[in-house]
Amino acid sequence: MRFTTLLLLTLALLSLSGCGNMRSGPDNESATTSQPQAKSYERAQAPQARSEIASNQPVATQQNISLDQADAANAASQALERKIIRNANLTIEVASPTDSQRKIFSVAESHGGFVVTSEMTQQASDDKSKPEMSVNLVVRVPALQFDKAMEEIRAVASRVIQEKRTGKDVTEEFIDLEARMKNQKALEVQFLEIMKRAGKVEDALEVQTQLADVRTEIEKLEGRKRFLQNQASLSTITVTLQTPTQIVNATGFWYSVRSASAEGVDVALAIILFLIRAVIALLPILVLIVLPAALIARVVVKRARSRPRKQDPEEVKVTA
């Protein structure tokens, strides 16, 4: 009885599995037939997708604008990292060079800079009561404050006579120095390892000589790098302060008369000064040479005249 029940159960399972296989076959056929339909559907929907892309073109332009802005921001950040040496020469007219000098001192200190040199010179002018004065200043300010400092210095002047700005990009040289320093330091490490393994004194001395050359080169590169970094971080402004020059009308009859009379007086004074200098120059010659020579000649002449004259024998016979 049990055997029959088991046989019936196995037959039932086999029948169920056959039905499942028959169902799965049509499903696979439907899947294979659906693929060409999907392709045809995609072909049909392609123009619609293209039109949607064309309608969404403003979105793409917005994306391009954002990318351009990102590139601009990246370029600005790279420009800030560049090493640029900026200098300026400025010649200005001021009413009082000493007061303007103090103002420029305060401008440099307010921007975190300092004054390197300050030189004052005084020149003679036609007006003796108001001599011409000029002040030369060399100021160093941080590179980020260069433009602001220049504007404040220009505000001190009553008139700007000359202004010159220069800039030199040393970024490439700075990067080259860093690369050379890196290579030299790596070579230094290799020489140190070789020195540790050297078994002979001669080999150690030779390696030490090479190591000294490498360290000297590293020091040179570091010095040049510090110099460029200092020049790029601090800008140099050379300022010349001058008093206003008087503008004279150089035309007209009376101006010509005045200039001619002034020139005549100058020539007469020059002649008088020349004569005075000639007398002063000849005075030692007269005192030390001419006067002693004249005295000696006078003494010789007196002695020659005081000697008695000897008579000739023929003259004595005639008289006898």
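**Exercise 1. Is Glu178 buried, partly exposed or exposed, and which residue does Glu178 pair with in a salt bridge?**

Solution. Start with the accessibility: Glu178 has a relative accessibility of 35%, so this residue counts as partly exposed. The model you are looking at is predicted. Next, look for the partner: the side chain of Glu178 meets that of Lys225 in a salt bridge, at 3.6 Å from N to O. Finally, place both residues: Glu178 sits in helix α5 and Lys225 in helix α6, so this pair links distant parts of the chain, 47 residues apart.

**Exercise 2. How are helices α5 and α6 arranged?**

Solution. First, recall what to look for: two packed helices are described by the angle between their axes and the distance between the axes. Here, the axes of α5 (residues 171–197) and α6 (residues 201–233) come within 9 Å and cross at roughly 160°. Angles over 145 degrees count as roughly antiparallel, and α5 is therefore roughly antiparallel to α6. As a last step, note the handedness: the crossing of α5 and α6 is left-handed.

**Exercise 3. How far apart are Glu219 and Met181 in sequence and in space?**

Solution. Find Glu219 in helix α6. With 56% relative accessibility, Glu219 counts as exposed. Now compare the two separations: Glu219 and Met181 are 38 residues apart in sequence, and their C-alpha atoms are 9.0 Å apart in space.

**Exercise 4. Which parts of the chain does the salt bridge between Arg82 and Asp169 tie together?**

Solution. Begin with the contact itself: the closest N and O atoms of Arg82 and Asp169 are 2.6 Å apart. Then locate the two ends: Arg82 lies in the loop between α2 (57–81) and β1 (84–93), while Asp169 is in strand β4 (residues 159–169), so the bridge ties together parts that are 87 residues apart in sequence. Check the surroundings too: Arg82 is partly exposed at 41% relative accessibility, and Asp169 is partly exposed at 42%.

**Exercise 5. Is Glu93 buried or exposed, and what about its salt-bridge partner Arg159?**

Solution. The closest N and O atoms of Arg159 and Glu93 are 2.8 Å apart in their salt bridge. Arg159 belongs to strand β4 and Glu93 to strand β1, 66 residues apart. Glu93 has a relative accessible area of 6%, which is under 20%, so Glu93 is buried. Arg159, at 44%, is partly exposed.

**Exercise 6. How many salt bridges does the whole structure have?**

Solution. A search of the whole structure gives 12. Besides pairs, look for a network: Arg86, Asp147, Arg154, Glu163 and Arg165 are linked by salt bridges.

Conventions: Residues numbered from 1 in each chain as written. Predicted model: local features only at pLDDT ≥ 70, side-chain atom pairs only at ≥ 80, totals over all residues. Heavy atoms only, no water. Axes fitted to C-alpha atoms, helices over the stretch in contact; angles between N-to-C directions. Helix = DSSP H or I, 4+ residues; strand = E, 2+ residues; numbered from the N terminus. Parallel < 35°, antiparallel > 145°, perpendicular 65-115°, else oblique. Left-handed = near helix turned anticlockwise from the far one by under 90°. Buried < 20%, exposed > 50% of the residue type's maximum accessible area, 1.4 Å probe, protein only. Salt bridge = Lys/Arg side-chain N within 4 Å of Asp/Glu carboxyl O.
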